[in-house]
Each structure stands twice: as C-alpha cells, then as structure tokens.
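Please walk through the main local features of the structure shown here, starting with how exposure is judged.

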Amino acid sequence: MSSSTHESAVPSEGLLGTGQPALLDELDYLLITALQTSPRAEWAQIGKALGVDASTAARRWNRLTEAGNAWLSCYTVAVGPVAPIIAFIEVDCAAGALHEVAAEIADDPHLISIEHVTGARDLLLTAAFPDLAMLARYVGFRLGRLPGVSATRSQTATAVHTEGSRWRLDRLAPDSQDVLAKDRGPAAPRRGLAAPDALDTRLYLLLSEDFRQPAARLAERLGVSPTTVRRRLDRMHRQDALIYRCEVARPLSGWPISVTFWGVAPAGEAARIASQLIRMRETRLCASLTGPHNLLLTVWLRSAEDIGAFEARLTDRFPELAVMDRAVALWQLKIAGHLLDPRGRHIRGVPVTFWEEPGAERAEDALLERLRVAR
C-alpha cells in the first residue's frame, strides 16, 4: 500500500456543516490501531507497518490530534509497593445541577473517568486512591459537600481483569502487527512507580502530557541530562510501571455505544466468568466488585439495537450470571484522565495523580474536632 493511495483517501476533516462527527479514512484507523498496539514505536516503524513513509504517519497523527479525534494518555498503576484502590462511584445530582457538578470535579486527579449515564444514577465515576481512608475522605468531604450532589454510592474493585488500554480497533493485518511487536520485550508484571522521587514524579507528569516526546526534550524541560532521563525511562519500562493508551473519539470508532452492566455471579464462578468476559471483542472494562453486584462489565457496541442482543448473548453464554442493572453512556466527559466534548473529541488532559490528598482537609479536621469533644 503506497502513501499516495492513502493520502488521496476520504479526508478526515469529514462532512462540514452537517453536524455529524468528522469521518476517518482507512489509514487513520490503521494508524490508531498501530499506536494502540505499540504506542511508543518510532514513526519509521509505524510507517513500515502501514506501508507509508514516516512523515506521512506523523503528519496524519498530527491531523488527528489537532482535530481531537484521537489522542494519547499515560498513567501509572501504582506508586510505591501497594496498588491503589479502584472505586466506582455513583453520583445522584439535584435537578439541573449535573453539569455544574461534572465541571467542578473534572480536574480532580483521582478521577480516571466521568460518565453521564442513563438509569439509576446521573454520573458514574471511576477513581483511584492509595487507600480506603482517602476514598472515604473524597466521598465524604469532597463529593458529599458539593452543591448539587444529592447522594453517592461507592463500590471498590477486588480485581480489575481488563481495562481500556488493552482494547484495539483490530484493523491491522498479522504481518503489520508483527512489525510493531518485533522490538518489544516480554511484558513484566505491572508494579507501578516503586518509591518515586521528585524527579520521577515530574517526569511522569511530562509523560502524561505527551509520552512520545524525545528524551532530549524531556531532559530540557526537567533541567537534567538526556542520559538521566533515559535511565529513568528504562527503569520505568523494565518495571512496566506506566500504562500507555491511544484513544479514538468513540463516535468515530465504529463502536459508538458504551454500556456498563452490573451482574451477580456465584462466588465460585465469578473468576471463571470474568476470564471469558475479557476475551469478548466488545469488552472495554471488567472488574470484580464489593457490594451487592460482584461483576462490572463495560462494553462498546456497534449500535443501540445491539444492547439487547448483547445482553441476550451474555445470558445464553453465562446462565449463572444475572444482569441486575445497566447504564448507557450519554457523554463520557472524562476517559483515562482526558476531558472530552459531547462528541467524544479530546479537549485536554488531567494527569492522574491519585496519591494527592482530595483537598478536603479543613472539613475533615472540623469533624475530627467535633468527635474529640466529650458530650
């Protein structure tokens, strides 16, 4: 496939003036799939996999990101020896207050995702915290005190079986996938940033902005040598401490419908069912939960008509799994630490720094003082 063939295909600027999302052509989809497969690959390697030159691949990617139709994200799975607590928080909002609440919490560094959904809750949040105490502080002293929040409900994950970084458009032929996988070593267990110092944290924040920045550019911004940056990056990558993601605006992905299901499976069957759910093409997120529902599943579907058909497939394949609730995403306001517009286009990134305090210390101190006072 030649670069000239791809460059003359349907332009990704799309249907101007129609109110519809911009269209992507096949090279755009191949490029996004390549970056999902190997997010840090050199442009020359990506171009080889796609049958175009490096400059064409880079130019196409710049066009996609400038339009907000695709973007990169980077976050860490842990800081220190203990993995964070992953929580799913349902928020009920007073009439007319939903968007004010969403705007108020959009920059909270603990929130991985924010979704306006249908059903028995207004907002569904995916969040990370270093421990249960900080989760309690966030829910009680941050969310619970916001004007417009009428109720919250929280569940924690006992295991996250898969998440969005493993989802692919799957547009690449096997030989192209082999080109991208050629230089990648075996994946190590994800251990997070082990005892990071101030420089590690600053480097992580820069990588959250754009992890494809050259080491020389990172070094310049950090005020250290490129050798130091490369050494730090090598250590992070040996530990598989960072998760890199390439995302595409969901309405353009071919999978425009996002649905979250809550289910109950017998305790002895839940792990087996989860191991099969994560192999399903539609699965974006699967987690085991505390609380009345012990499995959560988020899927991307081709159309709204597929919701019932997909749930019927779940029932047929897993008769022991009872689907208790479901919610369709109306607007994914935040995904993997990035804010999106109602059409799923990228606005800006918010680094996921889940170890920070939730900013409610004064309210917590006031409560503790009241508890200390003898009646």
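A residue counts as buried when its relative accessible area is under 20%, and as exposed when that value is over 50%. The model discussed here is a predicted one.

With that cut-off, Asp-240 can be placed: its relative accessible area is 19%, so Asp-240 is buried. This residue sits in the loop that joins helix H10 (226–238) to strand E6 (242–248). Its backbone deserves a remark as well, since Asp-240 is not a glycine and yet has a positive phi of about 50 degrees.

Ala-336 shows a positive phi of about 50 degrees too, and Ala-336 is not a glycine either. Its loop runs between strand E10 (322–335) and strand E11 (338–340). With a relative accessibility of 5%, Ala-336 is also classed as buried.

A further loop, between strand E1 (70–76) and strand E2 (85–93), holds Pro-81. Is Pro-81 buried or exposed? Its relative accessible area is 86%, so Pro-81 is exposed. The C-alpha atom of Pro-81 is 6.3 Å from that of Ala-194, although 113 residues separate the two along the chain.

Phe-354 belongs to the loop between strand E12 (346–349) and helix H13 (361–372). Its relative accessible area is 2%, so Phe-354 is buried. Which residues does Phe-354 touch, leaving aside those up to four places away in sequence? They are Thr-76, Val-77, Ala-78, Val-79, Pro-84, Pro-109, His-110, Ala-128, Phe-129, Pro-130 and Met-134. One of these contacts, Val-77, lies 277 residues from Phe-354 along the chain, and the C-alpha atoms of the pair are 9.8 Å apart.

The last feature is a pair of helices. Helix H2 covers residues 26–37 and helix H3 covers residues 43–50; they pack with their axes 10 Å apart, at an angle of about 130 degrees. An angle between 115 and 145 degrees falls outside the ranges for roughly perpendicular and roughly antiparallel, and H2 and H3 are therefore oblique to each other. Their crossing is right-handed. On the H2 side, Leu-27, Leu-30, Leu-31, Ala-34 and Leu-35 take part in the contact, and they meet Trp-43, Ile-46 and Leu-50 of H3. Sorted by type, the residues of this contact comprise eight nonpolar, no polar and no charged.

Terms used. Residues are numbered from 1 along each chain as its sequence is written. This is a predicted model: local features need pLDDT of at least 70, side-chain atom pairs count only at pLDDT 80 or more; totals for chains, interfaces and linings use all residues. Side-chain values use heavy atoms; hydrogens and water are left out. Helices (H or I, at least four residues) and strands (E, at least two) are DSSP runs, numbered from the N terminus. Buried means under 20% relative accessible area, exposed over 50%, partly exposed in between (1.4 Å probe, protein chains only). Contact means heavy atoms within 4.5 Å. Axes are lines fitted to C-alpha atoms, for helices over the stretch in contact, and angles run from 0 to 180 degrees between N-to-C directions. Angles under 35 degrees count as roughly parallel, over 145 as roughly antiparallel, 65 to 115 as roughly perpendicular and the rest as oblique. A crossing is left-handed if the near helix is turned anticlockwise from the far one by less than a right angle, and right-handed if clockwise. Ala, Val, Leu, Ile, Met, Phe, Trp, Tyr, Cys and Pro count as nonpolar, Asp, Glu, Lys and Arg as charged, and the others, Gly among them, as polar.
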